[in-house]
Amino acid sequence: MLDAEEAYQQYRDMVYGYLIRLCRDRDLAEELTQETFYQAMKNWKRYEGKSSVGTWLCAIARNQFLRVMRKQSPLPLDNVPEMVAEHSLALSAHQALHRLPEPYREVFTLKTFCELSSKEIAALFGKSESWARVTVYRAKQMLLDAMKGDETHEERL
């Protein structure tokens with residue numbers, strides 16, 4: 001397993017690229033990249049290995065980005081019903097995602113949240129690009145099916 005320094009060397013560019021796509025601000029992306037790795041190093045012993053180090057780092061980066069965005073723009077109160085509906089959908093998607101078996105959960109996370117290409121995902125798993133594309137497609141289908149099941153369950157309540 002990588003140590004924190006090796007992880008920084010291996011994943012720094014990926015995390016920075018992910019953050020640049022999120023915030024479209026080089027200075028902020030650099031600051032958030034540093035904060036991401038600071039948080040990762042602080043919590044390195046708590047990394048459980050349930051996902052790849054890259055996926056874990058992207059999740060930390062996303063949380064750092066969201067923390068900054070929440071501080072910068074308070075939520076307007078006039079669209080609370082829409083926000084509640086969006087939150088409910090996001091929660092349902094998040095729960096469905098965590099029920100996906102591996103490698104579908106990790107591949108979907110890498111593609112969607114880390115914005116890795118099929119080629120990059122294939123390289124991480126030591127598989128072909130075709131395998132990565134098919135696995136992403138199947139993960140999306142499984143996620144949609146799981147969310148439809150949640151809606152059906154909610155309608156029955």
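Select Ser118 first: this residue lies in helix H6. The model on display is a predicted one. Ser118 is buried, with a relative accessible area of 12%. With neighbours within four places in sequence left aside, the contacts of Ser118 are Lys111, Glu129, Ala132 and Arg133.

**Helix H6**

Extend the selection to the whole of H6, residues 118-125. Which residues of this helix are buried? They are Ser118, Ile121 and Ala122. These three span an arc of only 100° around the axis, which places them on the same side of H6. An α-helix has 3.6 residues a turn, so residues three or four places apart point the same way. Turn the view to the other side of H6, where Lys119 and Ala123 are exposed. Then step just past the end of H6 to Gly126, whose phi is positive, about 70°.

**The packing of H5 against H6**

Add H5 to the view. The axes of H5 and H6 come within 10 Å and cross at roughly 140°. How are the two helices oriented to each other? Angles over 145 degrees would count as roughly antiparallel; H5 and H6 are therefore oblique to each other. Their crossing is right-handed. To display the side of the contact that belongs to H5, select Glu106, Val107, Leu110 and Lys111. Their partners in H6 are Ser118, Ile121, Leu124 and Phe125.

Between these two helices, centre on Glu115, which is located in the loop that joins H5 and H6. Its phi is near 55°, a positive value in a residue other than glycine. At 33% relative accessibility, Glu115 counts as partly exposed.

**The nonpolar cores**

Return to Ile121, one of the residues with the most contacts inside the largest nonpolar core. That core has 33 residues, and Tyr11, Leu19, Val53, Trp56 and Leu57 are also among its most connected members. Colour the helices that supply at least two residues each: H1 (4-23), H2 (26-42), H3 (53-72), H5 (104-112), H6 and H7 (129-156). Which helix gives the most to this core? H1 does, with ten residues.

Now select Trp56 and its surroundings. Apart from neighbours within four places in sequence, Trp56 is in contact with Ala40, Asn43, Trp44, Tyr47 and Ser51. A second core, separate from the one just visited, has eight residues, including Ala139, Leu143, Ala146 and Met147.

**H1 against H3**

Hide the other helices and keep H1 and H3. Their axes are 10 Å apart, and the two helices pack at an angle of about 40°. Angles under 35 degrees would count as roughly parallel; H1 and H3 are therefore oblique to each other. H1 passes H3 in a right-handed crossing. On the H1 side, select Ala7, Tyr11, Met14, Val15, Tyr18, Leu19, Leu22 and Cys23. On the H3 side, the contact is made by Val53, Gly54, Leu57, Cys58, Ala61, Arg62 and Phe65.

Follow the chain to Arg24, which is placed in the loop between H1 and H2. Is this residue buried or exposed? Arg24 counts as exposed, at 70% relative accessibility. Phi of Arg24 is near 55°, again a positive value in a residue other than glycine.

**H4 and the loop after it**

Move to Ser92, which lies in helix H4, residues 80-99. Ser92 counts as buried, at 10% relative accessibility. Draw a C-alpha to C-alpha distance from Ser92 to Ala146: the two are 9.1 Å apart in space, although 54 residues separate them in sequence. Ala146 has already appeared on this tour as a member of the second core.

Next, select Glu102 and Pro103. The peptide bond that joins them is cis, with omega of about 5°. Pro103 is situated in the loop between H4 and H5.

**The whole chain**

Finally, show the complete protein. How many helices and strands are there? The protein has seven helices and zero strands. Along the sequence, the pattern is α-α-α-α-α-α-α. Of the 157 residues, 36% count as buried. Among contacts between residues at least 6 apart in sequence, 60% join residues at least 24 apart.

Definitions and conventions: Residues numbered from 1 in each chain as written. Predicted model: local features only at pLDDT ≥ 70, side-chain atom pairs only at ≥ 80, totals over all residues. Heavy atoms only, no water. Buried < 20%, exposed > 50% of the residue type's maximum accessible area, 1.4 Å probe, protein only. Helix = DSSP H or I, 4+ residues; strand = E, 2+ residues; numbered from the N terminus. Arc of directions from axis to C-beta. Core = buried A, V, L, I, M, F, W, Y, C linked by side-chain atoms within 4.5 Å. Contact = heavy atoms within 4.5 Å. Axes fitted to C-alpha atoms, helices over the stretch in contact; angles between N-to-C directions. Parallel < 35°, antiparallel > 145°, perpendicular 65-115°, else oblique. Left-handed = near helix turned anticlockwise from the far one by under 90°.
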